[in-house]
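Grab a coffee and open the viewer. Here are a few short exercises, each with a worked solution.

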Amino acid sequence: MYVLTDGGTFSASSLLTANLKKHRAVTIVGEETGGSRNIWTAGEMKSEILPESKMTLTYGILPFTFGDITDNTGHGIMPDVPITYTIEDYLAKKDLEMEWVMKDISNK
């Protein structure tokens, strides 16, 4: 199983990634997740309208924990296969994570 991650991987998806990473048959491909592996904030949600843009910002206010919260590295989930994009990759709309996965599958 391959799990593709990046800095936009937060909340429940970060927790899922953390738990899947414990299995030998799972390979995390991409960038460090934005969320923690054992603490997230959700539950009761609050909303604020930003004064200048008038956009609505919604956020959770109740912290939840999973597992050993003393084991906090200050990082998200680190990938097994780190992928780094260049500006050229973004402009070419490349999907380097999927390219790596498809190559790995074809090599097996």
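**Exercise 1. Work out what covers the buried residues of α3, and which residues those are.**

Keep in mind that this is a predicted model.

Step 1. Start with the cover: it includes β1 (2-5), β2 (27-30) and α2 (87-91).

Step 2. Now list what lies beneath: the buried residues of α3 are Leu96, Glu97, Val101 and Asp104. They span an arc of only 135° around the axis, so they sit on the same side of α3.

Step 3. Recall the general rule: an α-helix has 3.6 residues a turn, so residues three or four places apart point the same way.

Step 4. Flip to the other side of α3, where Lys103 and Ser106 are exposed.

**Exercise 2. Check the length of helix α3 (residues 96-107) against its expected span.**

Step 1. The helix has twelve residues, and at 1.5 Å a residue it should span 16 Å.

Step 2. Compare with the model: the end C-alpha atoms of α3 are 16 Å apart, which agrees.

**Exercise 3. Find the partners in the three salt bridges and say how exposed each residue is.**

Step 1. Remember the principle: side chains of opposite charge can pair when their charged atoms come close.

Step 2. Take Lys21 and Asp80, whose closest N and O atoms are 2.9 Å apart. This pair ties together distant parts of the chain, 59 residues apart: Lys21 is in the loop between α1 and β2, and Asp80 in the loop between β4 and β5 (81-82). Lys21 is partly exposed at 31% relative accessibility, and Asp80 is partly exposed at 41%.

Step 3. Next come Glu44 and Lys46, with 3.8 Å between the closest N and O atoms. Glu44 has a relative accessible area of 41%, so it is partly exposed; Lys46, at 35%, is partly exposed.

Step 4. Finish with Asp104 and Lys108, at 3.2 Å between the closest N and O atoms. Asp104 counts as buried because its relative accessibility is 16%, under the 20% cut-off. Lys108, at 71%, counts as exposed.

**Exercise 4. Is Ser14 buried or exposed, and what does Ser14 touch?**

Step 1. Locate Ser14 in helix α1 (residues 11-20).

Step 2. Its relative accessibility is 0%, so Ser14 counts as buried.

Step 3. Leaving out residues up to four places away in sequence, Ser14 touches Thr9, Thr33, Gly35, Ser36, Arg37 and Ile77.

**Exercise 5. Which residues form a nonpolar patch on the surface?**

Step 1. The members are Leu50, Met55, Leu57, Tyr59, Ile61, Leu62 and Phe64, together giving about 590 Å² of accessible area.

Step 2. Zoom in on Leu62, in strand β4 (residues 56-65). At 38% relative accessibility, Leu62 is partly exposed.

Notes. Residues numbered from 1 in each chain as written. Predicted model: local features only at pLDDT ≥ 70, side-chain atom pairs only at ≥ 80, totals over all residues. Heavy atoms only, no water. Patch = residues over 30% accessible without salt bridge, like charges linked within 9 Å, V, L, I, M, F, W, Y side chains within 5 Å. Areas by Shrake-Rupley, 256 points an atom, 1.4 Å probe, with all protein chains shown as cover. Salt bridge = Lys/Arg side-chain N within 4 Å of Asp/Glu carboxyl O. Helix = DSSP H or I, 4+ residues; strand = E, 2+ residues; numbered from the N terminus. Buried < 20%, exposed > 50% of the residue type's maximum accessible area, 1.4 Å probe, protein only. Expected span 1.5 Å × (residues − 1). Arc of directions from axis to C-beta. Contact = heavy atoms within 4.5 Å.
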